[in-house]
Structure formats: C-alpha cells, structure tokens
Amino acid sequence: MTVAQRRGRKIMMTPGELDEFLTAQRTCRVATVSADGAPHVSALWFLWDGRALWLYSVVRSRRWADLRRDPRVAIAVDTGEEYGELRGAELSGAVEVVGEVPRSGGLCAELDAVETLFARKYFGLESLPHDGRHAWLRLVPEKVVSWDFRKLGAA
C-alpha cells in the first residue's frame, strides 16, 4: 500500500506521469543502512514495471549485504539541470529477493518479463546475459513522493 503524498501536491506527478517518468529513466540511487548505522548510497540501473521497481544488484556488494541484513531502502530517481526542469521521485519500503542468488538463468516465471525488458532497455538484447554475479531485488513501494518543478511555471 502506498502512502499518499502530503506535501508538495502542486508539483507532484500524477500516477500516469510517474509511471512514464520511472519507465523512461535509467539510473537510480539506492540508500541503505550499514551494520554500524551509517548510510550508504549507490547508483544502479533499474526497471519499473508499473507496480514495482526491480534492481539487478551484484551480490558481493555493500548494497547487497546491507539489504540482506535490513531490507528497508529509499530509492531516488531524478533528472533536470535547471531549477524549473527538476523532476524526480523517492520510493521507499522493503525489498525482497526474487529468483536464485546469484542468478544463473534458471527458470523463474516471475522474472521472464522483467529480464526481457531489462535486456532490451540496457543491452539492446532479447534475453539477459547472466554472469553469475547478480541477483534480483523487488521493491513494491510503501511510500512514493514525486516532484515536477516544470509545473511551477504553469501556475
């Protein structure tokens, strides 16, 4: 269940705008909490399927270790250079592992469409080349906050 945005409603994206934005963007920043409580942020490619944000993460990474210990995450996706063109979204909640770890390409119906879309978006291929170093994390956001500063000029 997604919590409704309370502030910044004037510049928040509609569900359709948010869907289009997340589908088009390529890189997100993933914030996790380390064992000692220190924050850790890393950039990662992602896929948005209209309901969930999918992360294909290296399993021997600080990000993976953090999320296996504490699955809570905040993810920022944004774009724009000038103030009046800034757009973005923050999605938060708990991730879950989907499929084998690490992923070697074994049958997993839940990943069929995700892997095909990811392979097309990032590699221009019809199937994802598995390297035995990555695995899938899915975030069905509990909270989404969005902004589109281009809407300020329309006021």
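Two strands are taken to pair when DSSP finds at least two bridges between them. The views below show a predicted model.

**Figure 1. Overview of the protein chain, which holds three helices and seven strands.** In sequence order, these elements follow the pattern α-β-β-β-α-β-β-α-β-β. The protein chain is as compact as a globular protein of its length, because its radius of gyration of 16 Å is close to the 15 Å that the globule rule gives for 155 residues. The C-alpha trace spans about 50 × 40 × 30 Å along its principal axes. Of the 155 residues, 39% are buried. Among contacts with a separation of 6 or more, 69% are between residues 24 or more positions apart. The accessible surface is about 8700 Å², and carbon and sulfur atoms contribute 53% of this area. Charged side chains number 22 positive and 21 negative, with the centres of the two sets 4 Å apart.

**Figure 2. The hairpin of strands S1 and S2, with glycine 37.** Strand S1 covers residues 27-33, and strand S2 covers residues 39-48. The two strands pair in the antiparallel sense through seven bridges. In this pairing, valine 30 of S1 is placed opposite serine 42 of S2. Five residues lie between the strands of the hairpin, and glycine 37 adopts a positive phi near 90°. Most residues other than glycine have a negative phi. The side chains of S1 alternate between two faces: Cys28, Val30 and Thr32 point to one face and are buried, whereas Thr27, Arg29, Ala31 and Val33 point to the other face and are not buried.

**Figure 3. Valine 41 in strand S2 and its contacts.** Beyond its neighbours within four places in sequence, valine 41 is in contact with Arg29, Val30 and Ala31. Of these contact partners, Val30 belongs to the buried face of S1, while Arg29 and Ala31 point to the other face. The C-alpha atom of valine 41 is separated by 17 Å from that of arginine 138, which is 97 residues away along the chain.

**Figure 4. Strand S4 between its partners S1 and S5.** Strand S4 spans residues 72-79 and runs antiparallel to S1, to which three bridges join it. Alanine 31 is set opposite alanine 74 of S4. Strand S5, residues 87-98, pairs with S4 over eight bridges, also in the antiparallel sense. Here the bridge partner of arginine 72 is alanine 94 of S5.

**Figure 5. Strand S6 and its cover on both faces.** Strand S6 comprises residues 134-139; six of its six residues are buried, so the strand is largely enclosed by the rest of the structure. His134, Trp136 and Arg138 lie on one side, and Ala135, Leu137 and Leu139 lie on the other. Strand S3, residues 53-58, pairs with S6 in the antiparallel sense over six bridges. Within that pairing, serine 57 has alanine 135 of S6 as its bridge partner. Strand S5 also pairs with S6 in the antiparallel sense, over four bridges. Glutamate 96 stands opposite arginine 138 of S6.

**Figure 6. The cis peptide bond between valine 101 and proline 102.** The omega angle of this bond is about -10°. Most peptide bonds are trans. Proline 102 belongs to the loop that links S5 and helix H3 (112-123).

**Figure 7. Aspartate 148 in strand S7.** Strand S7 covers residues 143-148. Aspartate 148 counts as buried because its relative accessibility is 4%, and buried means under 20%. With residues up to four places away in sequence set aside, aspartate 148 touches Ile11, Met13, Leu86 and Arg87. Glycine 84, 64 residues from aspartate 148 in sequence, has its C-alpha atom 8.4 Å from that of aspartate 148.

**Figure 8. Phenylalanine 149 in the segment after S7.** Phenylalanine 149 has a relative accessibility of 17% and therefore counts as buried. Residues up to four places away in sequence are again left out of the contacts, and phenylalanine 149 touches Ile11, Tyr83, Gly84 and Leu86. Ile11 and Leu86 are also among the residues that aspartate 148 touches. The C-alpha atoms of phenylalanine 149 and glycine 80 are separated by 9.4 Å, although these residues are 69 residues apart along the chain.

Key. Residues are numbered from 1 along each chain as its sequence is written. This is a predicted model: local features need pLDDT of at least 70, side-chain atom pairs count only at pLDDT 80 or more; totals for chains, interfaces and linings use all residues. Side-chain values use heavy atoms; hydrogens and water are left out. The radius of gyration is taken over C-alpha atoms; the globule rule is 2.2 Å times the number of residues to the power 0.38. Buried means under 20% relative accessible area, exposed over 50%, partly exposed in between (1.4 Å probe, protein chains only). Contact means heavy atoms within 4.5 Å. Accessible areas come from the Shrake-Rupley method with a 1.4 Å probe; for residues, only the protein chains shown count as cover. Lys and Arg count as positive and Asp and Glu as negative; His and the chain ends are not counted. The place of a charge is taken as NZ of Lys, CZ of Arg, CG of Asp or CD of Glu.
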